[in-house]
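Reader: Can we go through this structure together? I would like to start with the basics.

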Amino acid sequence: MAFVIIFASLLAGYLAQFLPIRAPEFASALNRYVLWCALPALTLLHISKLVLEWQLLLPAAVAWIVFGLAWGWVLGLQKFLKLDRLTIGCLLLTCGLGNTSFVGFPLIRWLYGDSGLKTAIIIDQPGSFLVLSTLGIIAGSLYVGQQAKASQVLKRIVRFPPFICFVIALLVNMTGYLMPLTLEISLTGLGATLTPAALLAVGLQLKLKGIQQHRQALIWGLGFRLLLSPLFILVIYAGGLGLEGDLLGICVLEAGMAPMITGSIVAASLGLQPALASLMVSLGIVLSLLTVPLWYLLLQGLGLG
C-alpha cells in the first residue's frame, strides 16, 4: 500500500503538468509546505524521542563521505571525459548530494517503517542539508569562479526550518521533556502528509526531455549516485566497521537515493548546466524507485540490513 501511495503521488504530479494549471507555482507551494510544516513536524516528533548514542555519528557522516567521494569521482571524469567546468560542477552538486528527505523519507518509511525515519532524519539534517549548505555552496561557487561568503552560508543554515526544528528537538530530547499528547497527535498528522505532498511536488517538476544530448554525463553521474555511492557506504560501514541491521540498511539506501532537488536548484541558479541538473534529478528519481528496493532486497539476501 505504501508503494502505491508513493507511485500514485509521483505519477499524479507528473500528469498534472499537462493540466491547465501553473505547475511551477503549485510545486513551489508544495515544496514550502513540506519544508515549513511536514518535515519540521516529523523532525520534532522523532528526534525528540531518539536515544542519543555514538552510533548516530555514522548516519550523520554518510552524506559527508559520499560528497567527498563524488568530488574525487568528478575530478576523474574531468580528466577522462574532458568535460567542461560547468558540467563537472553540475555533476558534483547532483551526484554528490542525495534526495534523502523528499524521496528518501517516503521510501525509508515504506521499507523500514516509522522507526526508520529517526535514522533517516539524522542522515538528512546534520548530513545532506549541512553538506549542501557548506561544501555544496563552496564547490558550486568555485566552478563558476565566484567566492562563497561565510555569512551567506551561515544564514542559509540558521534560516532553514527543518534544521531549526532539528536543534529544538535535540534540546527537548536532552532535557527529557515529554510532549503533550495533543501536540504529538498534531505532529503525527502533519508528518503523515509528507509522502503525498513531497512526491506530488517532485512529480510536478519531472522533466525527461533532452536525455540524448546529455547521455554521457547522465550515465556517469547517475551511475555514481544510484550504484557506486551505496556500494561505497556498504563496503565502508559493513566491511570496515562491521555495521549491520536496519542502521546499515538505511545508511546504504539513503546513500543511493536520487540526486537532491535543492542541489540541482543551486546548480541551475549558478549557471552550472541547468538542463543537465534537471535531468539528473528527474531521471534519477524515476530510476531510484527501482534501484533503492533492489538494494534493500540485496541487503536482505545478504542478511546485513
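Author: What follows covers salt bridges, the core, one helix residue and a surface patch. This is a predicted model, in which local features need pLDDT of at least 70, side-chain atom pairs count only at pLDDT 80 or more, and totals for chains, interfaces and linings use all residues. Residues are numbered from 1 along each chain as its sequence is written, and side-chain values use heavy atoms, with hydrogens and water left out.

Reader: OK. How many salt bridges does the count come to?

Author: The count comes to two salt bridges. The term stands for a side-chain nitrogen of Lys or Arg within 4 Å of a carboxyl oxygen of Asp or Glu. Side chains of opposite charge can pair when their charged atoms come close.

Reader: Which residue forms a salt bridge with Lys49?

Author: Glu184 does, and the closest N and O atoms are 2.6 Å apart. Lys49 sits in the loop between helix H2 (23-47) and helix H3 (57-81), while Glu184 is in helix H9 (residues 181-192), so the pair ties together parts that are 135 residues apart in sequence. Helices here are DSSP runs (H or I, at least four residues), numbered from the N terminus.

Reader: Is Lys49 buried or exposed?

Author: Lys49 is partly exposed, at a relative accessible area of 43%. Glu184 is also partly exposed, at 23%. Buried means under 20% relative accessible area, exposed means over 50%, and partly exposed is in between (1.4 Å probe, protein chains only).

Reader: And what does Arg109 meet in a salt bridge?

Author: Asp114, at 2.9 Å from N to O. Arg109 is partly exposed at 21%, and Asp114 is partly exposed at 44%.

Reader: New topic. How many residues are in the largest nonpolar core?

Author: There are 106 residues in it, and those with the most contacts inside it include Val62, Phe105 and Ile285. A nonpolar core is a set of buried Ala, Val, Leu, Ile, Met, Phe, Trp, Tyr and Cys residues joined through side-chain atoms within 4.5 Å.

Reader: What is Ile285 in contact with?

Author: Leaving aside neighbours within four places in sequence, Ile285 is in contact with Leu10, Asn99, Val103, Val202, Leu206 and Ala258. Contact means heavy atoms within 4.5 Å.

Reader: Where is Ser282?

Author: Ser282 is in helix H14 (residues 274-302). Ser282 is buried, at 1% relative accessibility. Not counting residues up to four places away in sequence, Ser282 touches Gln205, Leu206, Lys207 and Leu208.

Technical notes. Helices (H or I, at least four residues) and strands (E, at least two) are DSSP runs, numbered from the N terminus.
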